[in-house]
Each structure stands twice: as C-alpha cells, then as structure tokens.
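Thank you all for coming; I would like to walk you slowly through one structure today. Please have it open in front of you while I speak.

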Amino acid sequence: MKKTLSYLALILLSLLFIAPLFWAITTALKSPQELYLFPPKWIPSVFRFSNFADAWNIQPFNLFLKNTLIVTLLSTLGQLVSCTLVAYGFARFEFKGRNLLFLIVLATMMIPWEVTMIPQYMEFNYLGWINTLKPLIVPSWFGSAYFIFLLRQFIMTLPRELDEAATIDGAGKLTVLMRVIVPLMGPSLILVAVFQMMNCWNDYLGPLIFLNDQTKYTLTLGLSQFKGMYGVDMQSIMAITCLISIPPLAIFFFAQRYIVGGIASTGIKG
Amino acid sequence: MAQTYLHPAREQSAALKALKKRRRGGAAPYLFIFPWIFGFLVFTLGPLLFSLVISFFDWPIVGKVTFIGLGNYVEMFTDDPLFWKSLMVTLKFAVLFVPLNIIVALGLAMLLNQKVRGSAIFRTAFYLPSVISGVALAMIWSWVYSGDYGILNYFLSIFGIQGPDWLNDTKWSLVAMVVASLWGQGSMMLIFLAGLKGIPKDLYESASIDGAGKLRQFVSVTVPMITPTILFNLITSIIAAFQQLTLALLLTGGGPMKATYFYAMYMYENAFKYFKMGYSAANAWFMFLIVLTLTFLVFKSSEAWVFYEGEMKRGPQKKPKPAKGGRVG
C-alpha cells in the first residue's frame, strides 16, 4: 500500500516535471493554425518537422552555432589544463601560504558574479575585447574555484606512493603530473569537462554583456533575441529551444553517472 | 620497487624524508598554482576592489569621472524608490523561493531514496529541466504561462478554474517566477539524495526498535543527519535568489508594474541601460554585503542546528573546537 502511494507520487511528479518539456516539443511540431487553440492540443495532427529547418534559417543560427562551439571548446580546454595544474599544486605540495590560498579559492565561490561584472566589463572594454569572444574564453584559462576544488579532492585520494615511485625513477614534477596523475584522473576530468561544456553552452549573461554584434552572438543570445521579433511564431521559438537543448541533454545522458556522483560529492564534503 | 625492498628500514625513511623535502621544494608549487593566482588577481580581486573604488565615483561609461564619496550610497538609500522596490521584490522572492526550493528538493530526494524500481528514471525526470539553458527554460515557461493558450490555464480549466494571465498579473507574476525557478532544482535534489544515502541504515533500525514511527524517524534521524546538507543548500539558494536575473530579463522584463523587478535586474539596468557604472557598482557592493551578512548569519545559527557526525565519531583526532573564550591547548 505504502509502495503504491510512493509510485503514484513519483509518477505524477515526474509527469509534472516532464510536461513543460513535452509541451515545448509538441509545440515545435505544430502548424501555425494549431498553435492558438483553446483547449490546446497536446499532440499536433500533423508533425511538421520542417519547422526546425524553417526556424533555423530565420536568423543566422549556423553562425551562432559556430560561435558557441568555439567558446565552448576553447574554454573547456582552458579549464581542464589550468585547473589540473592548480589542483595538482594544491594537492601535492606543501608550501608557505598554501592553506590560506586554498581558503581564498573556496571563498571566491561565494562572490556573486554581479559584483565583478562591471569592472570586468570595463577591463575587457579597455583591452578592446568587447564584442569579441575573448571575454568568454580567456578567463577559463586561469582556473575556476569549483573545478580546482573538485580536482584537488580527487588527486588527494590517489596514493602518494605513485608519485614517489616515479620521482625515484627520476621523473620531474610536471612529468609525474602528466604520466602518473592525469591518466588516473579520468572520471574527474570528464566531470569538469561536462560541467564546463554545459555551463558554457547554456550561458546567457556573459554573451549578453560582452557581445553586441549579431555576428558574434551565441545560440542562447540568438534565441533570446528571437522572442518578439516580427514574423517569429511560437513554434519557431520552441523549435530553436528544443534544438539548443539537445546537446546538453545528450551530454547529460552520456555522462549521467559522473554528473550524479559529482554533484553529490560537492554538497557533502563541501 | 625491488630496490627499496633491499634497503634497511632506516635508509628508506631517510629517502622518504628527502622526498618530503622535495615535495616542499622551492618555486615549483607556485608555478603550478600560478594560473589561478593570476586569474584571481585579474578577474576577481582586481575587479572586486575596483568596483569598490568606482562605487565612490560618478562614473559614466563615457564622459567625466567625478569623485563623490558616499554619494552613490546616499542616493541609493534616500533618493531612489527603485532601489527599495527591487530590494523588496528580491526579498519577497527569496522568502518564497528558498524554503520551497529546499522542501521540494528534499521531498523529491526522499521519494527517490526509497527502495523503488526505476528510481534512476524518476531521478532523470526530476533532473532534466536543470540541464537546459536558462534561456530555454524562460522560453518554455513563457509559453506555459500564456494566459490564453497556455497549458497551465488549460489544466486549471479542467477543474473549472479560470487562470490569470500569469506573467502580466501583478499578483501572480512573482509566484510564477518562483515556480519556474523551482523547476530547475535538480542539482539540489541530487545533493540531498547523496546526503540521505549517507545516513547509516542501523540508525533507522535502532530507532524503529525503540518504537519510533516513520514521522518520528524523519524528525529524529533524517533531519539531524542531513543538517550539513541543508546548510549548504540554504546558502546556495539564498545566493541564487539574489542573483536571479535571466528569468526576470526574459520572462517579464521586470514587469508588470515592476512586480518582478529583481535587485539583480535593477543593478544590470543601472550599468548597461543607463551606463551609471559607479552607481551600479555601489548597488553591487550593497548586494554583496547583504549576501555575506545572510551567509554569516546562517553559518552562525548553524552552530545551534547543524549536526556533524564527525564531531562525535572522530572528535578527539580532530582539532577540538575552542570553547567560548577558551584556548586550544
């Protein structure tokens, strides 16, 4: 009896969570005539798959896709390289000020982005980087607190004997990192890559503030400008919404077990 | 490592000592953490201090920069109804959103933590909305909330309720915003789920032997054991509430009648719509102080309600907490 109630609750609640997504997908497939009906139709009478291509061609979404890919790939690469180096530094060395510096790393997680947003904008403006993709890429090459923390925790779990064995064999510190540590960091590096790719792909405020020109837009920015544009109907908006949600959803399904474990570990040890 | 095997124990420990020394060694660690140090100075600390500095200036994006001391702060508190309005909107939002977010996430996590089949599927269903972009989320909800054609009002009409035009109704728009935000609670649920899974089963067993019912077990075992997780989620939720900007920009634009004019949006508009950089920096620092104060208060209060298992089990090994006014000897 109790189990039945739990199942009932789980099924109803998950329907509640899925319904808006489902509604978005079916809307994307509707013809304009079926769009504005009350009561609405859950399932369109004809599936208009051409809506996706039509919507994609209204604005230069191919260009937005290219920009998004550049930002996502370069910034993810940057996070992987920089955070690995920094995490290794914190995990494997004892040096003056280490604990204080690590505390500062953790503290920076508490600083709302809004506080540094304006000076960053002025800084990038001074460098002539506004309306380029650089502000969205370059900072990623200098590490981010959360990922450093995550990777450091992981490196700490690797036995030091491994490093020491390699050191005795004459390996330098960078070699130890590259040859011994990194090959063992697979799962945690995947986690960082997955989080960063999703954050970057989904980011809206960064592109909104740093980009002005349509040729530089990312997908999310392109979609946000879509609403209220002349001749853009709800099925086009939903079509683009669905399309740009596919990559994060795909990454999620592919890396689900890393993500679930990774998020879980932050709350407990954090 | 046959080599080490032959060494006498003492020699081996000497080798280890040498290794430890090398581990400490010189500039190498600083080289490794250099990217972070540089990034911290250039993208975090520098901007943080600079924003404090410009908050004392009248600093338009083009034009003359004038030092006005506390002028921006004075104007904010005494001569800017929008400041108070947006602060109130954000507080209202936080008061609704923070507790609901924790209740929903914890409730879902508890449902998932039971021994049910297909819990991975349900978990995915609850988490999926958190995967997509805030822009996509806003687009979907603006369509769900549509007064005339929205699926929500259709759903309500089945029960004979005439739903409002959610996003254009001053009474409902903020609530609509809270609900849309709750839809993306996924990571919090996962954190709770991990916390729940970490509770040792024998605690429940002994509780039920002592005759504790389900409710009693929840109050006396579950809640105390996950207080550290609640603390973490509480702080994250508070910060999230103050940073709410994407939804405001895309769902309502702050309207109707400024009913969803969040503090973050007020700040954003001062900077990037009116180009009052100094004033906006003052807004930002005030927000920073509020968030810091709230976090500090939550932490302070947590001494009374957060229970760390480690303090009991491994207490003596850890550095003992100094008693009030006392010293660690």
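Let me begin with a term: helices here are DSSP runs of H or I with at least four residues, strands are runs of E with at least two, and both are numbered from the N terminus. What you are looking at is a predicted model, in which local features need pLDDT of at least 70 and side-chain atom pairs count only at pLDDT 80 or more, while totals for chains, interfaces and linings use all residues. Residues are numbered from 1 along each chain as its sequence is written, chains are lettered from A and ligands numbered from 1 in the order in which they are written, and side-chain values use heavy atoms, with hydrogens and water left out.

We can start on chain A, where L15(A) lies in helix 1, residues 2-28. With a relative accessibility of 52%, L15(A) counts as exposed, where exposed means over 50% relative accessible area, buried under 20%, and partly exposed in between, using a 1.4 Å probe and protein chains only. Together with L5(A), L8(A), I11(A) and L12(A), L15(A) makes a nonpolar surface patch of about 500 Å²; such patches are made of residues with over 30% relative accessible area and no salt bridge, with nonpolar side chains (Val, Leu, Ile, Met, Phe, Trp, Tyr) joined within 5 Å and like charges within 9 Å.

Now to the pairing of the chains: how many residues of chain B are in contact with chain A? There are 90 of them, in contact with 94 residues of chain A, contact meaning heavy atoms within 4.5 Å. The size of an interface is often given as the accessible area lost when the parts come together. Here the buried area, which is the accessible area (1.4 Å probe) that two parts lose on being put together, summed over both, is about 8,500 Å², and carbon and sulfur atoms give 78% of that. On the side of chain B that touches chain A, helix 3 (residues 28-54) gives the most, with 18 residues.

As for charged pairs, a salt bridge is a side-chain nitrogen of Lys or Arg within 4 Å of a carboxyl oxygen of Asp or Glu. The count between chain B and chain A is zero, although a search of the whole structure finds four over all chains. One of them joins D163(A) and R92(A), at 2.6 Å from N to O, and this pair links distant parts of the chain, with D163(A) in helix 9 (residues 160-168), R92(A) in helix 4 (residues 61-92), and their positions 71 residues apart. D163(A) counts as buried because its relative accessibility is 8%, and R92(A) counts as buried at 3%. In another, K41(A) meets E34(A) at 2.9 Å, N to O; K41(A) is partly exposed at 33%, whereas E34(A) is buried at 9%.

Let me finish with chain B, which has 16 helices and two strands, and in which buried residues make up 48% of the 329 residues. In the loop between helix 13 (246-252) and helix 14 (263-272) we find M257(B), which has a positive phi of about 50 degrees although it is not a glycine, and which counts as exposed at 71% relative accessibility. F275(B), in the loop between helix 14 and helix 15 (277-305), also has a positive phi, near 55 degrees, and counts as partly exposed at 36%.

Definitions and conventions
Accessible areas come from the Shrake-Rupley method with a 1.4 Å probe; for residues, only the protein chains shown count as cover.
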